[in-house]
Amino acid sequence: MTTPLLEVHDLQKVFPIADGSKVHAVEHVDIEIQHSETLAVVGESGCGKSTLAQLICKLLEADGGSVKLDNQEIRGLSTSQMRPHRAKMQMIFQDPFASLDPRRSVGYSVSEPLIIHGLAKRGSELRDRVARLFERVGLMASHMEQFPHQFSGGQRQRVCIARALALQPKLVIADESVSALDVSVQAQVINLMMELQRDMGLSYLFITHDLAVVERMAHRVAVMYLGQIVEIGKRAQVFENPTHSYTKKLLSAAPIADPRQRKERLLLTGEIPSPRWPAGEGPVRVEHVEVEPGHFVAKE
Ligand SMILES: Nc1ncnc2c1ncn2[C@@H]1O[C@H](COP(=O)(O)OP(=O)(O)OP(=O)(O)O)[C@@H](O)[C@H]1O
Ligand SMILES: [Mg+2]
């Protein structure tokens, strides 16, 4: 067994609220991602997916637990200590508009990480590198001079992917990064991401509420509920043998493309449950059982 690229252990984030209550957004989460592997994280709105992503890439500081990237503990590292590790991990978001500066050419936005990290001198060397990145994501070098508003949503997401790839990361964290795109454009961007994985050995932490996307690109799937992982396993294990009652509900509530596979719809009923707890209280920590090799399910 090789060492996983990412090892997250016992990760926790609690947001204190002014009235003394607390939101247990991420509770004792353990996940691993191997090199060249895609782990999808699924679950209802508010279950803690984005918080988990932000803790891993240190946009938020965790309250407890550990995050190892390439066998190096990164939780607790300061911004400057984090510098050498920054490039290994990049994030792409749902709204590419928000991550691109509207007043700068997209070529500039893609070159910026290279300049900041001192990886290319300004001038023709930098231009060539950025042009290659544009071509790599299915755009043309001539697109570099244009501005974000001059692109379609799919093209803008390609620009963001080019920017994320500039530093040759090992892990890309994608938070609902194809959710806003039309289905056909979404398929093209997913194909691109899978191609990049094959060619560059990238690993993905792929956050989505779209189970069709998960079926297409995930090697393993983690199901999150109220800040905890209730089921995790290979895609086929989770999709063909969903074991936790929440996973069963989640899968049966989702439209499935193949009508032969369509089961009776069992909608998730009632309000979305809240991870908010009064002062002094908190969630019960789930215990996992390995129901088949590599397939872990929380005891109910
Ligand atoms: N800064 C914050 N302060 C207080 N509560 C927060 C904060 N950020 C997130 N939360 C809460 O933490 C919980 C998890 O939020 P998070 O954004 O991680 O969910 P999510 O699974 O990404 O949801 P969605 O699918 O809607 O994006 C939610 O209850 C949210 O309201
Ligand atoms: Mg989110």
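This passage looks at a ligand site, a covered helix, a group of paired strands and two loop residues in a predicted model.

A good place to start is ligand 1. Its surroundings are made up of F15, V23, A25, E44, S45, G46, C47, G48, K49, S50, T51 and P275. Helix 1 (49-56) supplies the largest share of this shell, with 3 residues. Three polar approaches to oxygen atoms of the ligand can be picked out here. A backbone N or O atom of G48 lies 3.0 Å from one ligand oxygen, a polar side-chain atom of K49 is placed 2.8 Å from a ligand oxygen, and for T51 the distance between a side-chain N or O atom and an oxygen of ligand 1 is 2.5 Å. On its own, ligand 1 has 640 Å² of accessible area, and the protein covers 60% of it. Two or more shell residues come from each of strand 2 (22-33) and helix 1.

Attention now turns to helix 6. Spanning residues 153-165, this helix of 13 residues reaches 18 Å from its first C-alpha to its last, close to the 18 Å expected at 1.5 Å a residue. Helix 6 is mostly covered, with 10 of its 13 residues buried; among them are G154, R156, R158, C160 and L165. What do the buried residues of helix 6 pack against? Their partners are strand 6 (89-92), together with helix 3 (96-99), helix 4 (106-116), helix 5 (124-136) and helix 7 (183-200).

Strand 13 (residues 295-298) takes part in two antiparallel pairings, one with strand 10 and one with strand 12. The pairing with strand 10 (residues 228-234) rests on 2 bridges, and in it I232 sits opposite F296 of strand 13. With strand 12 (residues 288-292), strand 13 shares 4 bridges, and H288 has A298 as its bridge partner. Strands 12 and 13 also form a hairpin in which 2 residues separate them. In that turn, G294 has a positive phi of about 85°.

Two loop residues round off the picture. Most residues other than glycine have a negative phi. K58, however, has a positive phi near 65°, and N71 has a positive value near 70°. The loop that holds K58 runs between helix 1 and strand 4 (64-69), whereas N71 belongs to the loop between strand 4 and strand 5 (72-73). Is K58 buried or exposed? K58 counts as buried because its relative accessibility is 13%, and the cut-off for buried is under 20%.

Technical notes:
Residues numbered from 1 in each chain as written. Chains lettered and ligands numbered in written order. Predicted model: local features only at pLDDT ≥ 70, side-chain atom pairs only at ≥ 80, totals over all residues. Heavy atoms only, no water. Expected span 1.5 Å × (residues − 1). Buried < 20%, exposed > 50% of the residue type's maximum accessible area, 1.4 Å probe, protein only. Contact = heavy atoms within 4.5 Å. Pairing = 2+ DSSP bridges. Near = heavy atom within 4 Å. Polar contact = N/O pair within 3.5 Å; in protein donor to acceptor, adjacent residues only side chain to side chain. Areas by Shrake-Rupley, 256 points an atom, 1.4 Å probe, with all protein chains shown as cover.
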